[in-house]
Amino acid sequence: MEKERITFLQELLHTPSPSSMEMEIQKKWMKYVEPFVDEIRTDHAGNVIAVRNEDVDFHLLLAGHCDEIAFVVNRIDENGFVFVDKMGGINPKAAIGMKVEIIGEVNHVPGVIGVNAQHHGGIKGDFDVDELFIDCGAMDKSEIEADIQIGDLVVYRRQSEILKNRYVSGRGLDNRTGAFIVAEVMRRLADKDINIGVYGVSTVNEETNMGGAYFAAAGLEPDAALAIDVTFATDYPSVDKRKHGDIRLDGGPVLAKGAPINRKLNQLLEKNAKTLDIDVQYELTPRHTGTDADKMRLTGKGVPISLVSLPLRYMHSPVEMASIKDIEEEISLLVEMIANMTGKESLNPLDN
């Protein structure tokens, strides 16, 4: 992947985008994509919608959510220590000893999550988020309240890194990588004549309520939709592959199989992966996917959906890791599928 594209991916990863506060990253995404599409729209949820070739009969929605998990300030004690709750499925055990940034209305305030010294009993084996506290160096409550308030969001101060020119690691790859992939698909489609309309959407709020995906699909009424997200890699020590399956970095994009998934969309993805000689992996989603796909599927008269995921190590930690090769292959697969669609495809599973 070209250095310029990696730079943009890392710019997204370095931009705080906790669920409900995605405005800064959305402006960057919009600026990057705008030259390659016919129109840019936004909606009241905070989604950014890149529109290409809308004046045709068949429309496909690509949704990659740009929000990341975070903490939210829920209390400040008299000594100026800040206590938090979860904004999404953040893992409190991964937070111990981490640097953080509190996003205030005016200032961004640095701090650290305190660690009980081993000499004083160390860290308990089992604890929850209400036992975490942030030390910003304040002397008392009034000093810290000058900068932050209840409801402010907190993210890790963690810069992304490229490891062995192969993998990208950092916080919030779930799912700024998905928003990046959607942006790149729209960029690469710019010089292609396509027969379908494409809505590339950077969605919001997936980590908390998936409301962005619902707003997008309900407003756009697509004929089909793909959620572009991440899934659990199982190729590192301590993971039980018998229970969680065998999903590997560098193994290619992951397609979902289960009751919510439209089989004909998956067949299109598989056909084009074969054309490009791209390996695909599979995960099971028997009842629901746990992604934007679930909300999009249930809008309007119902939307056929599929889910294309990037294998991800260390999900919901400050050191998530993904393969640049997998990202590149997923982009290529989506571009190839869209370029080869006629707009006459039937997604009815009962049609021959």
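This is a walk through a predicted model, from its first helix to its salt bridges, a helix crossing and a few unusual backbone spots.

Let's begin at helix H1, which spans residues 3–13. Lys3 belongs to this helix, and with a relative accessibility of 71% Lys3 counts as exposed, because the cut-off for that class is over 50%. Further along H1 there is a set of buried residues: Arg5, Ile6, Phe8, Leu9, Gln10, Leu12 and Leu13. An α-helix has 3.6 residues a turn, so residues three or four places apart point the same way. That is a handy thought to keep in mind while reading the list against the helix on your screen. The cover over the buried residues of H1 includes helix H2 (23–33), strand E10 (161–163), E11, H4 and H9. If you would like a sense of distance, take Lys3 and Arg297: they are 294 residues apart along the chain, and their C-alpha atoms are separated by 36 Å.

Helix H1 also takes us to the salt bridges, of which the structure holds 16. Side chains of opposite charge can pair when their charged atoms come close. Arg5 and Glu4 form one such pair, with 3.5 Å from N to O. Arg5 has a relative accessible area of 10% and is therefore buried, the limit being under 20%. Glu4, at 52% relative accessibility, counts as exposed.

Now compare that neighbouring pair with Glu68 and Arg171, whose side chains meet in a salt bridge of 2.7 Å, N to O. Which parts of the chain does this pair bring together? Glu68 sits in the loop between strand E3 (59–65) and strand E4 (70–76), while Arg171 sits in the loop between strand E11 (167–170) and helix H4 (173–189), so the bridge ties together parts that are 103 residues apart in sequence. Both Glu68 and Arg171 are buried.

A further bridge joins the side chains of Asp246 and Arg248, at 3.0 Å from N to O. Asp246 is partly exposed, at 43% relative accessibility, and Arg248 is partly exposed as well, with a relative accessible area of 40%. Salt bridges can also be shared within a group: Glu184, Arg187, Arg188 and Glu328 are linked in a network.

Asp246 appears again in the surroundings of Thr234. Is Thr234 buried or exposed? With 2% relative accessibility, Thr234 counts as buried, since the class takes in values under 20%. Thr234 is located in the loop between strand E13 (224–232) and helix H6 (241–244). Setting aside neighbours within four places in sequence, Thr234 touches Val239, Lys241, His244, Gly245, Asp246 and Ile247.

Next, turn to the place where helix H7 (residues 263–276) meets helix H9 (residues 324–340). Their axes come within 9 Å and cross at roughly 110°. This angle falls in the range from 65 to 115 degrees, so H7 and H9 are roughly perpendicular to each other. The crossing of the two helices is right-handed. On the H7 side, the contact is made by Leu268, Leu269, Asn272, Ala273, Thr275 and Leu276, and on the H9 side by Ser332, Leu333, Leu334, Glu336, Met337 and Asn340. Sorted by class, the contact between H7 and H9 has 7 nonpolar, 4 polar and 1 charged residues.

Finally, let's look at the backbone. Most residues other than glycine have a negative phi, and most peptide bonds are trans. Where does the model hold a cis peptide bond? The bond from Asp174 to Asn175 is cis, with omega near 5°, and Asn175 is found in helix H4.

Two residues other than glycine with a positive phi are worth a visit too. Asp250 has phi near 75°; Asp250 lies in the loop between H6 and strand E14 (254–257) and, at 27% relative accessibility, counts as partly exposed. His316 has phi near 60° and is placed in the loop between strand E16 (305–312) and strand E17 (320–323). At 16% relative accessibility, His316 counts as buried.

Technical notes:
Residues numbered from 1 in each chain as written. Predicted model: local features only at pLDDT ≥ 70, side-chain atom pairs only at ≥ 80, totals over all residues. Heavy atoms only, no water. Salt bridge = Lys/Arg side-chain N within 4 Å of Asp/Glu carboxyl O. Buried < 20%, exposed > 50% of the residue type's maximum accessible area, 1.4 Å probe, protein only. Helix = DSSP H or I, 4+ residues; strand = E, 2+ residues; numbered from the N terminus. Axes fitted to C-alpha atoms, helices over the stretch in contact; angles between N-to-C directions. Parallel < 35°, antiparallel > 145°, perpendicular 65-115°, else oblique. Left-handed = near helix turned anticlockwise from the far one by under 90°. Contact = heavy atoms within 4.5 Å. Nonpolar A, V, L, I, M, F, W, Y, C, P; charged D, E, K, R; others polar.
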